[in-house]
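The following note comments on how helices and strands are arranged. Please read each point with the structure in view.

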Amino acid sequence: MPRILVIDDDPAISELVAVNLEMAGYDVSQAEDGIKGQALALQLQPDLIMLDLMLPRVDGFTVCQRLRRDDRTSEIPVLMLTALSQTQDKVEGFNAGADDYLTKPFEVEEMLARVRALLRRTDRIPQAAKHSEILNYGPLTLVPERFEAIWFNQTIKLTHLEFELLHCLLQRHGQTVSPSEILREVWGYDPDDDIETIRVHIRHLRTKLEPDPRHPRYIKTVYGAGYCLELPSSPPSDTSVAASEVE
């Protein structure tokens with residue numbers, strides 16, 4: 001039975017979420033502030049954390065950042081649960097390390113769909129490994145068992161989301177992949193025009209893979225259509241890449 005930790009200071013919402021998760025077959029623990037939430041996350045090491053942003057004592061952004069820096073909790077998927085709906089709030093949430101973002105008020109079925117998608121995608125084994133795929137093209141090789149990329153002979157550690165996103169683009173190398181297709185395959189739910197979710201994670205990938213993330217050579221934006229991964233068929237003689245600068 002997957003264990004979910006709900007960190008929310010609103011008793012009514014926390015209880016509503018917990019009851020519906022338990023009815024869906026999950027083991028649920030609750031915390032009402034950031035300090036208790038972080039402590040429970042370390043103690044329980046749940047399969048998923050639902051984290052409110054506006055928390056007493058320590059806010060959700062800070063909690064998420066701390067969890068991502070700790071090896072014991074760095075791989076646990078985080079679904080941010082908040083009344084903040086501005087694009088900048090979402091960007092800050094993803095930059096803090098969140099995997100997905102659900103804005104209050106929300107439908108219970110949507111919440112359960114997001115939970116199922118996160119648990120399915122972060123089942124400790126990415127989709128590529130489940131299909132015994134060995135994915136490589138030119139200077140890029142994906143290593144599913146370790147969520148890593150071999151990039152111009154350097155090992156780059158990826159998050160679960162970054163791995164699945166890169167896997168999605170590599171499967172369609174040289175083709176433009178639409179945002180709706182990315183949302184369905186990587187996030188696991190029907191598109192809802194939340195394009196900023198994809199943009200933030202594309203930005204993170206570029207930071208790790210591009211020599212100059214502001215002027216990408218490999219992960220290209222096709223305006224109005226989506227994203228395209230374009231790689232040389234063999235590594236060029238100049239193998240200085242972003243990883244050597246930022247890792």
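1. H7 lies across E10, E11 and E12 and runs at about 75° to E12. H9 packs on the sheet as well, touching E11 and E12, and its direction makes about 145° with that of E11. Contact means heavy atoms within 4.5 Å; axes are lines fitted to C-alpha atoms, for helices over the stretch in contact, with angles from 0 to 180 degrees between N-to-C directions. Helices (H or I, at least four residues) and strands (E, at least two) are DSSP runs, numbered from the N terminus.

2. This is a predicted model, in which local features need pLDDT of at least 70 and side-chain atom pairs count only at pLDDT 80 or more, while totals for chains, interfaces and linings use all residues. Residues are numbered from 1 along each chain as its sequence is written, and side-chain values use heavy atoms, leaving out hydrogens and water.

3. The sheet beneath this point is open and antiparallel, with three strands in the order E10-E12-E11. Strand E10 (176-177) and strand E11 (219-222) stand at its edges with a single partner strand each, so one side of each has no neighbour in the sheet. Two strands pair if DSSP finds at least two bridges between them. E10 and strand E12 (residues 226-229) are joined by two bridges, and Thr-176 stands opposite Cys-228 in E12.

4. The axes of helix H7 (residues 160-171) and helix H9 (residues 195-209) come within 10 Å and cross at roughly 85°. H7 is therefore roughly perpendicular to H9 (angles of 65 to 115 degrees count as such).

Key. Parallel < 35°, antiparallel > 145°, perpendicular 65-115°, else oblique.
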